[in-house]
Every structure is written in C-alpha cells, then in structure tokens.
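Biologist: Please take a close look at one part of this model, a pair of packed helices. Then carry on to the other parts that can be described with the same care.

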Amino acid sequence: MIFKVKRAQRGDTKAFVELMEENRQAMQRIAFGYFSCEDDVADVMQQTTLNAFEKLKTLRNPVYFKTWLIRIHINNCNALYNAKKNCMAVDEMEEGRYLEEYPSEDEFYQLIADLSEENRLIFQLYYGEEYTTKEIGRILHMKESTVRSRLYRGKEQIKRKLETSVR
Amino acid sequence: MEERYTEQELKRILQSKGNEYEKIQKKMEETYRMIEETQQRKRGARKPAVWAGGLAAAMAVCIITLGISNPVLAAKLPVIGAIFQAVQTYVSYSGDFSKDAIPLAETENGEENNLVQTDQGITVAISEIARDDKSFYLGITMTSEEGFPKDFNRVKNDTEYVLEYDTMNCQTTGELVTANGKKLDMSGELGILEGIFIDDNTFQTIGYVDLSGYEKIADNFTYNFEITDIWSYLGENYYSSETTENSEMHYSGSWKFSVDVSLDKASAKVIEVNQTNEQGIGIATVTKGKYYITAEIIVPEGEEKDRYIVLIYDEEGNRLDSFGSNVEYYSVKDRKTDKITVRVCSEADFFMNKAEEEKLKEHALYQVEVNCNQ
C-alpha cells in the first residue's frame with residue numbers, strides 16, 4: 001500500500017483509484033452510520049474522494065493513509081449531517097435519532113438507533129472496521145481509556161433498550 | 001441478563017452495508033472520471049522543459065541546517081529536571097521523572113544537540129529525558145512569540161474544565177533507528193501532549209513515548225521525529241465531537257529533532273504469579289517498572305481479556321492511580337508498592353461500581369496479594 005500511496009502522491013490516478021476502491025467499503029459503512037439515504041452516502045463519499053485527492057500530497061507518512069482518509073471522511077459526514085440538521089424544523093428533530101426514518105427491519109439501523117450519537121462512530125470503527133482502541137483514539141483525538149469506556153457504555157445502552165422493549 | 005448482541009454479532013452487523021449500491025457505484029465512477037480529467041488538463045498545460053547546456057529546469061537544493069536557531073533562547077534552556085519537576089505531578093502518566101532526568105543539552109563530547117527549533121513563531125525545545133524499560137519521556141517547552149490563545153489554557157480559563165493539565169495536539173512523523181540501521185516507523189507518537197501553561201506564551205509538557213505496543217525494541221536507538229502541526233481547540237469545541245472550520249487553532253510548520261535513547265530495561269521486574277480460581281480467572285505475572293506497575297490477566301479459554309479489568313492496590317489498601325491512557329497500567333509515584341493486592345473484576349462491575357471500593361471488593365472475581373520484592 002505504501003508504494004501505491006507514493007505513486008498516487010506523484011499524480012498516478014490509477015494508483016489513487018485503487019486506493020479509494022480498497023477503502024470504499026469502509027467509507028460506505030461509516031457513512032451509512034450517519035445517513036440511511038443512499039444519495040447522501042454517495043455525496044459524502046464523493047466529497048471525501050475529492051478532498052483526499054486534493055490533499056494527498058500533505059500526507060507525510062503513507063503508512064497512515066487509511067486512518068488519514070477515514071478522518072477526512074468522518075469530518076465530511078459530520079459536516080453534511082449538521083448541514084441537514086440545521087435545515088430541519090426543531091419539532092422534526094428527536095434526541096438521539098437520525099434525521100430520516102430508517103428501515104425498522106434492517107438490523108444495522110436497529111443497532112445504530114440503540115446507540116447514542118457519541119457512541120455510534122466508536123462502535124463502527126471498533127466492530128465494523130476492526131480498529132484497535134488505540135487507533136480509534138488517534139483518529140478521534142481521544143484517550144484510549146475514553147474509547148474503552150464509551151464502548152462499554154454503548155453496550156449498556158443496547159442492553160437497556162432491549163429491557164425497555166421487552167417490558 | 002443475556003446479551004442481545006455478542007461480540008461476533010456486533011462485528012457481523014456493523015460489517016454489513018459493504019454491498020454494492022448502484023448510486024454509490026455511479027457516483028464514485030463519476031468522481032474518478034473528474035479526477036482523471038483534471039490530471040489530464042494539468043499534464044496538457046505543463047510547459048515543455050527548455051534545455052540549455054545539459055541542464056534545463058531549475059532544481060533548488062535546500063540544505064536545511066538544523067541548528068539552534070535562537071541562541072538567546074538556547075541560553076535560556078530550563079535547568080535540567082525543571083520541566084519534569086513542574087509537570088510530572090499533573091499529567092495522567094505521573095512519575096518521579098525529575099529524579100532520573102538526563103540532560104539533552106550536550107552529548108558526551110560536549111557538542112550541542114539540535115534541540116531548539118523555531119518555526120511560525122513557535123519555539124519547541126527539548127531539554128531532558130527520562131526512561132524506563134518500555135518508554136521514554138521528554139521534557140519539552142513550547143513557546144509562542146505572540147502568546148497562545150487563551151482558550152488553550154483551560155485549567156486557568158475554563159470553569160467547567162476538571163483536569164489538572166492542559167493538552168496540546170501534534171501531527172508528527174518519526175522513526176526509531178538502531179545502530180545497525182534498522183528502522184521502525186513511529187509516526188503519530190507524541191500526538192497528544194499533556195502539560196501546563198506556565199504563562200500565556202509558554203507550555204511545558206512531558207512527551208511520553210510508550211514502546212510497549214511495538215515488537216522487539218532495541219535497548220539503544222535514535223528517535224528522529226518531526227512535528228508538522230501543533231494545535232488545540234477553541235472555545236467550547238473542546239467538548240464537541242464535531243469539528244468545524246473555526247473550532248481549532250493550528251500552527252503548521254516544521255520542528256525536527258533527533259534524540260538518542262537508551263532504555264533502562266533492567267529497571268523492570270517481572271514477578272511470576274500463575275494462579276487462577278476455579279473459573280479459570282487469575283493473574284499470570286506482575287510487572288513493576290520504575291514508574292508503573294501492571295498485571296497480566298488469565299481468562300478462561302475462548303473469553304476476551306477486554307471483558308475484565310485488573311485493579312491494583314498499594315500496601316495500605318488504596319487503589320493506585322492510572323498511568324497514562326493505557327487502562328491497566330498504574331502509577332507507583334508516592335505509593336508503597338513493595339506488597340500489592342491485585343483484583344480482577346468484570347468490565348460491567350467496574351464501570352458500575354468504580355466509585356465504590358467496597359462494592360468492587362465484594363464483586364471481585366479474583367484477588368491475590370503479591371510481594372514485589374521476591
């Protein structure tokens with residue numbers, strides 16, 4: 001991967017496209033954690049791809065390409081999410097939920113809905129992308145201990161939701 | 001209560017959504033076409049090289065001399081151990097580093113090292129080092145000519161801030177080089193620096209590089225690193241997980257250093273315990289280093305160690321404070337730890353009861369006393 005990144009940094013678009021395709025599923029999964037609408041996911045992935053192409057030369061160490069890319073992607077997801085939130089009427093917003101109604105039969109969204117916003121991304125990075133807690137701390141500029149306690153709290157949230165629904 | 005989601009289930013569910021989606025596929029293809037067209041336009045617009053006398057394009061070769069760029073500041077390098085003394089009590093990786101501080105101002109031959117770098121109005125100076133068996137600690141001063149934003153100094157200016165230290169974030173690249181030329185990439189280390197503002201212009205910090213996550217570290221090596229960005233949060237953005245354009249203040253530049261390190265591997269002692277209870281939960285070893293102590297857990301086969309927390313108590317029965325962000329390393333600073341008690345709790349019991357020692361003791365799955373002077 002390192003050589004591919006270096007080639008892409010020197011303007012090799014084929015190498016850049018290969019890199020993006022290798023990471024496409026990860027970007028897609030993370031974006032689906034923010035948006036249930038495929039159009040929104042497509043838009044934010046396009047934005048991330050263009051940003052990555054534009055800024056690739058600023059990446060000093062090719063080894064960190066994936067974490068660098070994911071960091072850009074998370075920032076773009078947050079930006080689009082906030083932009084959409086600001087356009088909604090206050091009474092349409094509900095604490096802890098995404099903007100759109102997500103398919104209730106979809107287990108991915110059932111799980112996401114059970115988690116608070118601050119824990120969703122950590123869950124996706126840990127279980128979905130299998131980053132270590134140390135790597136997640138680096139991506140999100142958090143202490144590893146904070147990542148671990150959020151993972152724990154997320155699991156507790158899921159349990160409590162299940163208890164509530166069973167009653 | 002039975003868990004709805006096992007670890008495997010969580011992975012399976014959160015690794016779905018990786019299928020092909022037509023709209024996403026088309027959008028990505030469109031994006032790649034845009035990028036290719038942009039590149040082709042750039043290539044087409046390039047002027048052909050003009051060759052004259054065998055060499056055409058001007059090629060500037062910059063020899064960057066890394067020297068002490070500010071001799072006046074260099075003369076003001078802090079007294080050795082002073083940064084450790086000032087900062088070590090406040091940071092989350094608290095240790096008595098000042099006792100073992102080694103000056104970095106001079107090599108054995110009396111030549112000065114390049115330890116003071118100034119760029120973008122920020123001077124970064126490294127004046128001392130302490131080390132144990134798996135880490136090294138650098139005493140660092142960051143000075144801003146025009147002063148850092150008041151928002152950076154949360155200890156002083158933010159009434160909601162509860163920590164005793166401030167943090168400065170850095171973007172770094174680096175490598176560890178051994179005498180035989182072997183290199184190990186260490187980019188990202190020193191990413192979060194804990195320290196204190198001694199005034200509006202000066203931040204003192206102990207840069208902590210933990211090598212325990214790397215394999216086969218040599219005893220002696222050179223740590224070459226470059227800081228390319230120094231930054232922190234503005235206003236209330238510190239508390240937000242979202243970043244906006246004006247939420248951070250960055251100082252982008254280049255601060256390059258080279259530090260020789262000799263780890264003190266003899267300073268750590270490993271005590272074999274190798275005991276478990278009937279459920280198969282127990283402790284394999286206790287490792288006591290110069291500044292920390294930790295215990296290696298044994299769990300039943302097939303179970304994950306992450307589901308358990310190891311707690312360590314001093315001779316007086318008081319729980320040791322965490323050492324850094326690594327959850328199961330504990331600080332030995334100012335504590336009697338010749339004899340310790342090690343307890344194992346479930347993750348759930350720990351987070352539920354962590355403020356109540358009696359409940360932790362009651363719910364402990366396993367406990368053992370260990371003599372660290374064996």
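Modeller: Helix 2 of chain A passes helix 3 of chain A in a right-handed crossing. The model is predicted. The two axes, for residues 13–32 and residues 38–55 of chain A, come within 10 Å. They cross at roughly 140°. Angles over 145 degrees would count as roughly antiparallel. The crossing angle therefore makes helix 2 of chain A oblique to helix 3 of chain A.

Which residues make the contact? Helix 2 of chain A brings Phe16(A), Met20(A), Met27(A), Gln28(A), Ala31(A) and Phe32(A). Helix 3 of chain A answers with Val41(A), Val44(A), Met45(A), Thr48(A), Thr49(A) and Phe53(A). By type, the residues of this contact divide into nine nonpolar and three polar, with no charged residue.

Further along chain A lies helix 7, residues 133–140. Its buried residues are Thr133(A), Glu135(A), Ile136(A), Gly137(A) and Ile139(A). His141(A) follows helix 7 of chain A. The phi of His141(A) is positive, near 55°.

Now to chain B, and to strand 13, residues 292–298. This strand is mostly covered, with five of its seven residues buried. Strand 13 of chain B pairs with strand 12 (residues 282–288) of chain B. The pairing is antiparallel and runs over six bridges. Three residues lie between these two strands of chain B, which form a hairpin. Within the pair, Ala295(B) of strand 13 stands opposite Val286(B).

Strand 13 of chain B is also joined to strand 15 (residues 329–331) of chain B. These two strands run antiparallel as well, and three bridges link them. Here Tyr292(B) stands opposite Ser331(B) of strand 15.

Last, the contact between the chains. Chain A puts in 46 residues and chain B 38 residues. On the side of chain B that touches chain A, four elements give two or more residues: helix 1 (7–14), helix 2 (22–45), strand 5 (166–177) and helix 6 (347–353) of chain B. Helix 2 of chain B gives the most, with nine residues. The residues on this side of chain B divide into twelve nonpolar, 16 polar and ten charged. Charged residues thus appear on the chain B side, whereas the contact of helix 2 with helix 3 in chain A has none.

Notes: Residues are numbered from 1 along each chain as its sequence is written. Chains are lettered from A and ligands numbered from 1 in the order in which they are written. This is a predicted model: local features need pLDDT of at least 70, side-chain atom pairs count only at pLDDT 80 or more; totals for chains, interfaces and linings use all residues. Two residues are in contact if their C-beta atoms, placed from the backbone, lie within 7 Å. Ala, Val, Leu, Ile, Met, Phe, Trp, Tyr, Cys and Pro count as nonpolar, Asp, Glu, Lys and Arg as charged, and the others, Gly among them, as polar. Axes are lines fitted to C-alpha atoms, for helices over the stretch in contact, and angles run from 0 to 180 degrees between N-to-C directions. Angles under 35 degrees count as roughly parallel, over 145 as roughly antiparallel, 65 to 115 as roughly perpendicular and the rest as oblique. A crossing is left-handed if the near helix is turned anticlockwise from the far one by less than a right angle, and right-handed if clockwise. A residue is buried if 20 or more other C-beta atoms lie within 10 Å of its own, exposed if 12 or fewer, and partly exposed in between; C-beta atoms are placed from the backbone. Two strands pair if DSSP finds at least two bridges between them.
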